Structure formats: C-alpha cells, structure tokens
Amino acid sequence: MRVRTRGAIVASGVVVAVLALLGVWFVTKQLGHHLRLPLASRTCTVQADGEVVLSADQMANAATIAAIGVQRKMPERAVVVALATAYQESHLRNIAHGDRDSLGLFQQRPSQGWGTPEEIRDPRYAAKKFYAALDKVKGWEKLRVTEAAQRVQRSAYPEAYEKWADESQVLTRALLGNATGAVACTVGPTPTMRGPAAATALLQSLALDWGLPELNSATDLTGLTVPAADSRNGWRYAHWLVSHADDHGVKRVRFGELEWTAEQGTWAKVKGDPATQVLAEVFAAA
C-alpha cells in the first residue's frame with residue numbers, strides 16, 4: 001500500500017493550481033478581447049462598426065468624456081485617446097482609490113498637481129484636465145494611441161493603453177454622432193430619479209457636458225427638447241441621453257424616425273419627426 005505524505009499532497013495541489021492558471025492564460029491568449037466573461041451589469045450595447053458592452057455607469061462616464069472633448073474642440077482622435085486611457089486606468093469607473101493617491105476615471109494624483117481629491121472625482125473636471133494635458137504634447141495627433149496616452153499618464157506600463165484602442169474607436173464613433181441609433185441601454189425597474197427633479201438634473205448635466213446654453217424643459221416638467229443643427233449633433237445628444245438614462249431616469253428618447261424606450265431598451269422606427277431637435281422624457285413622479 002502506498003501512503004502519500006502531507007508534503008506530496010500539498011505539492012500535487014500546487015501543480016494542479018499552476019496547470020489551471022496556465023490553462024486560463026492560454027485561453028485568454030488565444031481568444032484575446034473576443035473572450036467575454038459573464039457580467040451582471042451588462043446594460044448598454046454600443047454598435048458602430050464594432051460592438052462594445054458596458055455597464056450603465058461605464059457608459060455614462062464614456063459619454064461625458066466624449067462630450068467634454070467636443071466642448072474643448074478637441075479632434076476625434078483625442079476622444080479615442082481619452083477613452084482608451086480611462087479604460088486602462090479605471091475601466092471607465094469613477095473609483096475612489098488607486099495606486100498611492102490616484103483617483104477617479106484617469107487615476108490622477110493630487111500630489112502631482114492634478115487637483116484636489118474632490119475635483120479629480122468630478123468626471124467633467126478630470127476629463128478637462130486630461131485633454132488640457134494631451135493638448136500640450138507636441139505632435140500627439142501622429143502618435144499611436146498608447147504613446148499619446150503615455151505622454152500624459154507616464155505609466156509603468158506604457159503599452160497597456162493600446163489594447164483598448166479598438167473599443168475606444170467604437171465608442172467615439174457612436175458618441176460623436178457618426179452612427180445612428182448606436183447606443184442602446186436597459187434601465188432598471190426603479191429609476192434613480194423621477195419627475196421635475198430628474199428633468200432639471202438631466203438638463204443641467206447635458207448643458208455642462210456639452211457646453212450648451214441654458215435649456216428649458218417642456219411645460220409638463222417631464223419632457224425636454226434639445227435643438228440639433230444637423231443629424232450628427234442630434235445623434236450626439238440622443239446617444240448621450242440614452243447613456244445617462246439609468247442615472248437620470250430617462251424613459252424615452254426620440255430623434256428623427258427612431259425612438260429608444262427604457263421599456264424595450266432598444267431603438268425602433270416611429271412616425272418621422274423633423275430631425276431638428278432631440279426629444280426626451282423622464283419617468284413621471286411616483
């Protein structure tokens with residue numbers, strides 16, 4: 001009869017664990033970004049010559065980053081770089097921790113002059129600071145995404161940003177209005193906000209993100225309209241509204257012949273309206 005010692009058992013367990021890790025590494029290496037793990041918060045799908053799936057908070061942050069880029073009159077490639085950076089640094093989440101004193105979407109550090117902790121945790125402020133720093137990099141437009149990001153971030157992993165370039169390009173196409181009905185989000189059964197308070201907050205956020213003049217809600221206090229100079233601007237605002245549906249209680253968004261509803265979570269054809277304004281409605285007060 002063979003008797004296995006405790007040491008042999010432990011060693012055997014270690015070998016099994018190592019083999020399992022090697023197996024995971026091999027599968028990930030082979031499938032790369034095509035491998036999708038089940039996520040409980042897959043609530044937004046972006047389709048614009050490619051597909052990206054994000055949670056509601058990730059989508060809202062991505063939409064704000066893109067809008068701030070337009071407000072600062074940055075080219076589209078700057079938005080791609082910004083999104084790829086936030087993808088790598090925080091996975092598009094406004095986190096309250098990081099390496100040493102790093103915070104927020106871009107993991108900016110108060111100790112390095114990026115701002116106060118409160119400022120850095122404000123997505124608009126953080127995005128503006130990133131674009132301002134990127135704009136100071138000579139010739140950044142001709143650099144690879146990862147090189148441009150690294151000139152700003154000075155990361156210990158300078159090539160890490162490049163793996164998010166494709167996803168960031170898809171998001172940029174959609175959020176800057178170069179695709180139609182490209183952002184579709186589902187909203188939970190209990191809206192975060194309702195009624196006049198939701199409409200007011202939505203208008204304020206829309207104006208702050210895009211740098212728009214003051215907007216007014218409809219007379220029923222649950223609807224609002226956003227003037228659109230052209231189709232591209234219309235889809236910018238429409239996609240932004242859907243991206244912020246979960247955190248602002250948006251029930252319906254319509255532009256031209258397409259309408260998104262929280263109930264369906266998708267865009268559908270409706271009787272056409274003039275494509276000169278985006279219509280939105282929040283959930284009525286309970």
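A pocket is found on a 1 Å grid over the protein atoms alone, as an open set of points where a 1.4 Å probe fits, with protein on both sides within 12 Å along at least five of seven lines; lining residues have an atom within 4 Å of a point. A volume is the space filled by probe spheres set on the points. The model is predicted, and its local features need pLDDT of at least 70, whereas totals for linings use all residues. Residues are numbered from 1 along each chain as its sequence is written.

**Exercise 1.** Describe the second largest pocket and its lining.

Solution.
Step 1. The volume of this pocket is about 460 Å³.
Step 2. The lining comprises 18 residues, of which E89, S102, Q153, R154 and S155 are the closest to the centre.
Step 3. Two or more lining residues come from each of α3 (76-90) and α6 (145-153); helices are DSSP runs (H or I, at least four residues) and strands are E runs of at least two.

**Exercise 2.** Determine the strand order of the open sheet and the placing of helix α7.

Solution.
Step 1. Three strands form the open sheet in the order β2-β1-β3, with antiparallel pairing; two strands pair if DSSP finds at least two bridges between them.
Step 2. β2 (51-54) and β3 (183-185) are the edge strands, each pairing on one side only.
Step 3. Between β1 (residues 44-47) and β3 there are three bridges, and T45 stands opposite A184 in β3.
Step 4. Helix α7 (residues 165-175) packs on the sheet and touches β1, β2 and β3, where contact means heavy atoms within 4.5 Å.

Key:
This is a predicted model: local features need pLDDT of at least 70, side-chain atom pairs count only at pLDDT 80 or more; totals for chains, interfaces and linings use all residues. Side-chain values use heavy atoms; hydrogens and water are left out. Axes are lines fitted to C-alpha atoms, for helices over the stretch in contact, and angles run from 0 to 180 degrees between N-to-C directions.
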